[in-house]
Amino acid sequence: MTRKPLQFQLNGSGKAIFVEEGQNLLEALRRGVGDLSPKYGCGQGTCGTCTVLIDGEPHLSCLTLAETVENCAIETTAGLAMGPQLHPLQQAFMDGFAAQCGYCTPGMLMAAKALLDRNPSPTREEVVEAISGNICRCTGYEPIIAAILAAAASGGGRRYA
Ligand code: FES
Ligand code: FES
């Protein structure tokens with residue numbers, strides 16, 4: 001199988017790996033660079049737990065060819081905290097008990113970050129729309145929606161790092 005060199009930024013750090021032709025970004029992140037924060041759920045684009053940001057936009061990494069992210073900036077939940085300081089979304093999820101099994105949480109956080117980065121004060125309807133591609137099997141969504149709104153409120157309209 002043909003292997004190709006691939007360079008990209010991952011949470012602000014340069015990465016250079018080889019990927020197999022046809023390999024998806026989720027595998028490249030988990031196996032290629034050891035970032036286990038994006039999760040494998042369905043592998044078919046229906047659950048959202050593999051969501052990462054590519055140049056600021058949410059994408060399903062299980063459906064993204066790794067070779068298409070050459071020179072792109074990738075963000076995952078592994079890069080959200082600043083040392084010991086949690087990202088406001090992570091803190092709000094903890095404070096609001098928005099994660100039960102937690103399996104959907106990485107994808108929810110990245111979908112929510114993409115929303116708050118472009119719209120720091122979303123309405124409830126905008127939050128619901130932003131996470132509509134992310135399935136949670138546990139919480140019934142209400143704590144997740146509340147946590148995202150709480151994070152937005154705590155951010156005071158500033159741009160999230
Ligand atoms: S693992 Fe990618 S959408 Fe489910
Ligand atoms: S917390 Fe379990 S799937 Fe969402």
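What follows is a conversation about how some descriptions of this predicted model are reached.

Visitor: Let's begin with the helices. Why are H2 and H3 called oblique to each other?

Guide: The axes of H2 (residues 88–95) and H3 (residues 105–118) come within 10 Å and cross at roughly 130 degrees. Angles from 65 to 115 degrees would count as roughly perpendicular, and those over 145 as roughly antiparallel. The crossing angle falls in neither range, and therefore H2 and H3 are oblique. As for handedness, H2 passes H3 in a right-handed crossing.

Visitor: Which residues of H2 and H3 meet?

Guide: On the H2 side they are Leu89, Gln90 and Phe93. Their partners in H3 are Thr105, Met108, Leu109, Ala112, Lys113 and Leu116. By class, this contact has six nonpolar, two polar and one charged residues.

Visitor: Now the cysteines. How do you know that the structure holds zero disulfides?

Guide: Take cysteine 72: the closest cysteine sulfur, in cysteine 50, is 16 Å away, which is too far for a bond. A disulfide needs the two sulfur atoms within 2.5 Å. The count for the structure is zero.

Visitor: What makes cysteine 72 buried or exposed, and what about cysteine 101?

Guide: Cysteine 72 has 12% relative accessibility, so it counts as buried, the cut-off being under 20%. Cysteine 101 has a relative accessible area of 55% and is therefore exposed, since exposed means over 50%.

Visitor: Why is glutamate 57 called partly exposed?

Guide: Its relative accessibility is 45%, and partly exposed covers what lies between the buried and exposed cut-offs of 20% and 50%. Glutamate 57 lies in strand E4 (residues 57–60). Glutamate 57 and aspartate 117 are 60 residues apart in sequence, with 9.8 Å from C-alpha to C-alpha.

Visitor: Is glutamine 23, in its loop, buried or exposed, and how do you know?

Guide: Glutamine 23 has a relative accessible area of 14%, so it is buried. The loop that holds glutamine 23 runs between strand E2 (13–20) and helix H1 (25–32). Leaving out residues up to four places away in sequence, glutamine 23 touches Ala28, Thr64, Leu65 and Ala66.

Visitor: And what makes proline 106 buried?

Guide: The relative accessible area of proline 106 is 11%, and buried means under 20%. Proline 106 is found in helix H3. With residues up to four places away in sequence set aside, proline 106 touches Ser37, Lys39, Thr49, Thr51 and Thr77. Proline 106 and alanine 78 are 28 residues apart in sequence, yet 8.8 Å apart in space, C-alpha to C-alpha.

Terms used
Residues numbered from 1 in each chain as written. Chains lettered and ligands numbered in written order. Predicted model: local features only at pLDDT ≥ 70, side-chain atom pairs only at ≥ 80, totals over all residues. Heavy atoms only, no water. Axes fitted to C-alpha atoms, helices over the stretch in contact; angles between N-to-C directions. Helix = DSSP H or I, 4+ residues; strand = E, 2+ residues; numbered from the N terminus. Parallel < 35°, antiparallel > 145°, perpendicular 65-115°, else oblique. Left-handed = near helix turned anticlockwise from the far one by under 90°. Contact = heavy atoms within 4.5 Å. Nonpolar A, V, L, I, M, F, W, Y, C, P; charged D, E, K, R; others polar. Buried < 20%, exposed > 50% of the residue type's maximum accessible area, 1.4 Å probe, protein only.
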